[in-house]
Structures are given as C-alpha cells and as structure tokens.
Amino acid sequence: MRGRHAAGGWSPFWRDIILRTVLALLLVAMVIFIWWLFSEDDLFTEAVATTSVPETTATSEVMTTGTEPEEVTTTTTRPATTAATEADTTTSTTAAVTTTSSTTTTVPPPLDPAQLVVRVLNANGVQGVAGRMSGLLEEAGYGVTAPDNHAQRLDVSRVWYRDGLSREAALLREELVPDALIEAIPLEQEGIDIVVVLGRSFEE
C-alpha cells in the first residue's frame with residue numbers, strides 16, 4: 001500500500017519546473033504583445049505624416065499660384081507710366097516751341113529815324129563840331145534840335161537814349177559815332193529821344 005501511494009503522486013521538483021515554464025511563457029507572450037502594440041502606434045504615426053505631406057504641398061502650390069497675378073499686374077502698369085511721361089515731355093516741348101515762336105514774331109522793328117528827335121552836345125572843346133554832327137543827322141533822316149555845349153569835357157563819346165530806344169541808339173552809333181558808349185539817358189529832356197555827346201575820342 002505504501003508503494004502505490006508514492007508512485008501515483010507529483011514530486012515537488014517537477015511541479016516547480018512546470019510552474020516556472022508556464023510563467024516564462026506568459027512573460028514572453030506579454031512582451032510580444034506590448035511590442036506589437038508599440039509597433040502599431042509607430043505605423044499609425046507614419047501613415048498620418050505621409051498623408052499630410054500632399055496637403056502641405058498643395059497649400060504651397062496654391063499660395064505660389066496666388067502670388068503670380070500680382071507680379072503680372074505690376075509689369076503691365078510700367079509701360080503706361082512711361083507713355084504718360086513721354087506724352088508730358090512732348091506737350092512741354094511743343095509748348096516751349098510755340099512760346100518761342102510767338103515771342104519772336106511780336107518784337108516790333110526799330111523806329112524810323114524820321115520818328116526820332118536827336119540833340120548833339122559838344123564835350124571835346126572843338127568849335128562847331130556839334131553843329132556839323134547835327135547836319136549829318138539831318139541828312140540821315142533824323143529830326144534834330146539846336147546843338148549845345150556839355151557842362152564838362154569827356155574823353156569818350158556817349159549816345160544816351162530814352163527808355164525803350166536802345167536799338168535805335170545802337171543803329172545811330174554804328175552809322176555816325178562808332179567810338180561812343182551806349183547808355184540810358186541820365187536825365188530825360190522833354191521832346192528829346194536821343195542825346196549825342198561828342199567827346200575827345202570823336203574824329204570827324
């Protein structure tokens with residue numbers, strides 16, 4: 001009876017071996033399960049990241065396409081500005097030419113000698129020189145008054161003119177008193193347009 005009871009039971013040694021083997025298998029199964037869970041999370045993250053890339057690219061393309069019309073608009077406005085500037089320049093040039101032409105045509109011609117009254121003054125001390133010059137002026141068509149002496153002697157002759165008669169004074173000097181200086185009359189005399197003052201430089 002004692003031999004049967006000992007042969008039919010489990011020894012403590014084998015029970016420990018079986019329990020440890022089962023625990024080891026369970027531990028390995030848990031590790032594999034946890035690894036599988038983390039692997040699934042990584043795959044899900046990569047899938048989301050891969051899916052979002054085309055959206056970003058599409059957005060960038062839309063933004064790039066949206067900026068292109070602004071550049072085209074800026075380019076088309078430049079020729080208009082240049083054309084406006086050229087038109088303004090042409091208008092200004094035309095206006096300047098018109099003004100110059102009108103100014104040139106409105107200048108009146110010099111007065112005829114018959115319309116002028118000239119008086120001769122002797123400032124060189126030579127007797128009769130003022131009278132002789134008055135005769136030459138009459139022959140040239142000028143109106144003359146009685147000659148007279150100047151208050152002082154002058155080295156250089158003068159041709160004094162009333163306001164607005166500088167061209168007429170220049171013509172008289174070229175014809176009869178080439179050595180004279182042309183100046184505005186220092187003191188106007190009623191009825192006298194030009195005064196000829198004969199200085200020492202005058203030669204008959």
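## A quick tour of the fold and its cores

The largest nonpolar core here has 20 residues, and the ones with the most contacts inside it are Met133, Leu137, Leu172, Val177, Ile194, Val196 and Leu198. Keep in mind that this is a predicted model. The protein comes to four helices and six strands, and buried residues make up 18% of its 204 residues. Let's start inside and work outwards.

**What builds the cores**

- Strand E1 (117-122), helix H3 (129-139), strand E4 (158-161), helix H4 (166-176) and strand E6 (194-198) are the elements that each give two or more residues to the largest core.
- Which element gives the most to this core? That would be H3, with four residues.
- There's also a second, separate core of eight residues, and Ala123, Leu154, Trp160 and Ile192 are among them.
- Val196 is a handy residue to click on: leaving out residues up to four places away in sequence, Val196 touches Val118, Arg119, Val120, Leu121, Arg158, Leu172 and Val177.

**Strand E6 and its partners**

- How many of the five residues of E6 are buried? Five of the five are, so E6 counts as mostly covered, given that buried means under 20% relative accessible area.
- Both faces of E6 are covered, with Ile194, Val196 and Leu198 buried on one side and Val195 and Val197 buried on the other.
- E1 and E6 run parallel and are joined by five bridges; one place to look is Arg119, whose bridge partner in E6 is Val195.
- E4 pairs with E6 in the antiparallel sense, over four bridges. Here you can look for Tyr161, which has Ile194 as its bridge partner in E6.

**The overall layout**

- Reading along the sequence, you meet the elements in the pattern α-α-β-α-β-β-β-α-β-β.
- Take the contacts between residues at least 6 apart in sequence: 73% of them join residues at least 24 apart.
- The accessible surface comes to about 15200 Å², and 62% of that belongs to carbon and sulfur atoms.

**Salt bridges**

- Side chains of opposite charge can pair when their charged atoms come close.
- The count for this model comes to five salt bridges, and three of them are picked out below.
- Arg119 forms a salt bridge with Asp148, with the closest N and O atoms 3.3 Å apart. This pair links distant parts of the chain, since Arg119 is in strand E1 and Asp148 is in strand E3 (residues 148-149), 29 residues apart. Asp148 is partly exposed, at 36% relative accessibility.
- Arg200 forms a salt bridge with Asp155, and their closest N and O atoms are 2.7 Å apart. Why does this pair tie together parts that are 45 residues apart in sequence? Because Arg200 lies in the segment after E6, while Asp155 lies in the loop between E3 and E4.
- Are these two partners buried or exposed? Arg200 counts as partly exposed at 47% relative accessibility, whereas Asp155 is exposed, with a relative accessible area of 52%.
- Asp193 forms a salt bridge with Arg162, with the closest N and O atoms 2.7 Å apart. Asp193 sits in the loop between strand E5 (181-184) and E6, and Arg162 sits in the loop between E4 and H4, so this pair ties together parts that are 31 residues apart in sequence.
- Asp193 counts as buried at 10% relative accessibility, while Arg162 is partly exposed, with a relative accessible area of 30%.

**Out on the surface**

- Phe33, Ile34, Trp35, Trp36, Leu37 and Phe38 form a nonpolar patch on the surface, and together they have about 700 Å² of accessible area.
- Leu37 from that patch belongs to helix H2 (residues 12-106). Leu37 is partly exposed, with a relative accessible area of 38%.

**A look at Leu111**

- Where does Leu111 lie? You'll find Leu111 in the loop between H2 and E1, and Leu111 is partly exposed, with a relative accessible area of 36%.
- Setting aside neighbours within four places in sequence, Leu111 is in contact with Leu116, Leu165 and Glu168.
- Leu111 and Arg167 are 56 residues apart along the chain, and their C-alpha atoms are separated by 8.8 Å.

Definitions and conventions. Residues numbered from 1 in each chain as written. Predicted model: local features only at pLDDT ≥ 70, side-chain atom pairs only at ≥ 80, totals over all residues. Heavy atoms only, no water. Buried < 20%, exposed > 50% of the residue type's maximum accessible area, 1.4 Å probe, protein only. Contact = heavy atoms within 4.5 Å. Areas by Shrake-Rupley, 256 points an atom, 1.4 Å probe, with all protein chains shown as cover. Patch = residues over 30% accessible without salt bridge, like charges linked within 9 Å, V, L, I, M, F, W, Y side chains within 5 Å. Salt bridge = Lys/Arg side-chain N within 4 Å of Asp/Glu carboxyl O. Core = buried A, V, L, I, M, F, W, Y, C linked by side-chain atoms within 4.5 Å. Pairing = 2+ DSSP bridges.
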